[in-house]
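Colleague: I have not looked at this one before. Can you take me through how the chains meet?
Modeller: Here is the model.

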Amino acid sequence: MTLLTDREAELFLYGEALLLDEGRYDAWVELFTPDAIFWMPAWKSESEQTSDPDSELSLIYYHGRSNLEDRIKRIRSGMSVASKVRLRVMHALSNVMVIARAPGTATISSCFIVNLVDVRAGRTHAFFGRYEHELVHGESGWRISRKVIRLLNDVVPTLLDIYSI
Amino acid sequence: MSAYRMSELIDDRPADGVFRINRALFSDPELFALEQHYIFEGGWVFIGMASQALQPNDFFTGLIGRVPIIVSRSEDGVLNGFINACPHKGARIAQQLSGNARLHVCPYHSWTFDSSGANRNIKWRSGGCYGAGFDREDHDLARIPRFGEYRGFLFASLNPDVPSLDDYLGEARKLLDLVADQSSEGVELVPGAVRFTYAANWKMQLENCSDQYHFTSTHPSYIRILEARAREQKNDVVQSTLGGSDFWKEDAEGPTGGTFSFEHGHVLNWGLMAVTPALPLYERADEIAERIGTARRNWMFNMRNLTIFPNLQIAENASSQLRVIRPIAHNLTEMQTWCIAPRGESAEARRTRIRQYEDFFNPTGMATPDDTVVYEECQMGMARQERPWLQGHARGLTASVEGGNAYSEMIGLNPQRSVLGQAQTCDESLFHSYYRAWATRMQDGLA
């Protein structure tokens with residue numbers, strides 16, 4: 001079985017970030033396994049995040065890629081004013097570390113800053129935090145089985161969509 | 001004092017079939033400053049839930065208008081509200097959002113207060129060469145002049161000259177009962193608070209919660225997804241309570257819901273929904289009916305958006321949300337939001353409730369961003385212009401009647417006015433209640 005190298009881990013994350021930056025949602029969603037978890041916990045105090053999505057609130061919690069496909073449908077529907085003018089986004093990743101590695105699986109920790117220009121509203125802001133990616137290797141290469149987005153600045157200015165983090 | 005006369009801001013002439021609001025209410029910074037003083041710092045506002053400080057010495061902090069407050073449960077279990085500022089130099093004595101502390105020590109000069117607000121130590125007092133005037137002053141934490149609880153909901157007023165809390169809430173208490181009675185143990189906030197801001201006036205949120213008219217126009221992308229999910233019945237996506245109900249559909253027949261308005265600016269808009277398994281509450285439908293009667297149980301399953309003027313909204317539609325409106329500027333508002341849920345519900349019901357909540361209510365979900373972006377679009381159009389009057393408070397005028405109707409009678413509710421709506425009525429006249437309460441509180445600040 002395949003062992004993920006450090007360099008492959010970096011390139012995988014950078015590749016995912018580029019797909020989000022460029023709004024190539026079909027290719028992006030293909031990076032996830034059909035039963036993938038996509039999870040952005042909320043904060044329950046100044047220093048503690050929610051940890052059990054079934055009994056505590058998350059900002060986003062999806063179990064299953066089809067939820068992400070629904071989000072993409074909404075973005076493209078032409079029926080959502082929040083999606084009408086897409087924000088310009090740039091994902092900058094750093095501190096990429098493979099923190100667990102076994103044949104066919106890997107867990108990667110990284111830091112992200114997403115700089116956003118909300119052209120409609122004429123303002124610029126940023127979301128930042130940490131990612132945890134769990135990858136599995138299958139017929140079509142490495143896929144994301146679980147992605148956790150730990151957003152540090154969680155007071156959301158007006159909207160945050162799946163391409164904003 | 002503002003240069004405006006009230007009649008220039010609110011054109012309220014029921015006999016002529018006129019109710020209009022001047023855009024200045026949304027765009028004038030001077031009026032906003034008056035609102036902070038006369039509305040948020042001038043009368044009853046919601047400040048939190050008793051469940052946020054359950055044990056002795058538990059506390060949580062917040063703001064009333066611009067004034068920092070602390071709600072603290074004393075050693076002997078009594079909840080009190082104080083100004084969160086040291087009498088000495090004004091430093092906040094508690095910096096955390098919540099916690100447990102028998103004593104609060106001011107971080108600046110160590111003046112110390114207990115959980116009942118009493119001053120327990122002024123550092124080096126005897127060596128301080130204080131004059132007689134200082135000794136005559138009260139060194140305890142200042143109490144918030146009026147503080148009260150109704151069924152776990154906490155309210156306070158910085159202005160002592162206000163009606164009693166029971167009088168203030170009035171008939172709307174029965175609607176808070178429909179929240180509190182969902183469990184014999186009461187309700188709780190699900191861990192995890194979500195905050196967001198939008199660049200528009202706070203009254204955009206105030207109105208939108210009660211605005212049935214926007215749902216099919218602002219949220220078609222979300223509605224489409226719900227419809228597709230209902231068709232496909234996939235297991236790994238969230239099914240919504242809204243998918244199986246008709247009250248918001250343009251071709252529904254007969255009464256679909258309506259609005260109630262109350263004294264002091266409280267309003268409810270509601271939609272008929274059946275007692276169905278789509279709601280997490282269904283698991284205890286029989287128990288609730290036995291405890292409080294079938295009529296009130298059935299009302300709990302209706303879609304209900306309740307506003308307790310000026311800053312509390314409880315929305316029970318796609319899930320159950322408690323939200324607090326915090327105005328920051330005439331064109332900036334912060335929303336503090338929680339999932340509110342009956343204590344002791346099953347793990348499965350809680351999970352469903354949370355999933356439905358995230359999808360619909362979160363600023364990271366599929367509906368709220370369409371609201372907040374629209375608020376900002378409205379705010380742009382609130383700029384001063386030749387035609388100052390908005391046309392958004394006129395629907396339902398001829399359907400509005402004094403008192404209640406058959407649906408309010410079911411639960412012994414006595415609203416000031418009501419509208420029984422067909423699918424396309426989408427009453428806007430309930431907003432009048434907001435602006436009449438606004439006018440009452442703002443009267444002293446206007447010319």
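Modeller: A term to begin with: two strands pair if DSSP finds at least two bridges between them. Helices (H or I, at least four residues) and strands (E, at least two) are DSSP runs, numbered from the N terminus. This is a predicted model, where local features need pLDDT of at least 70, side-chain atom pairs count only at pLDDT 80 or more, and totals for chains, interfaces and linings use all residues. Residues are numbered from 1 along each chain as written, chains are lettered from A in written order, and side-chain values use heavy atoms without hydrogens or water.

Colleague: Which strand of chain A is joined to β14(B), and is the run parallel or antiparallel?
Modeller: Strand β7 of chain A, residues 156–157, joined by two bridges and running parallel to β14(B).

Colleague: And what is the bridge partner of Val156(A) in β14(B)?
Modeller: Phe196(B).

Colleague: How many residues does each chain give to the contact?
Modeller: Chain B gives 45 and chain A gives 39, with contact meaning heavy atoms within 4.5 Å.

Colleague: What about salt bridges, how many are there across the interface?
Modeller: Six, each a side-chain nitrogen of Lys or Arg within 4 Å of a carboxyl oxygen of Asp or Glu. One salt bridge joins the side chains of Arg74(A) and Asp370(B), at 2.8 Å from N to O.

Colleague: Which element gives the largest share of chain B's side?
Modeller: α13(B), with eight residues. Elements giving two or more residues there include α13 (368–381), α12 (347–361) and β14 (194–198) of chain B.
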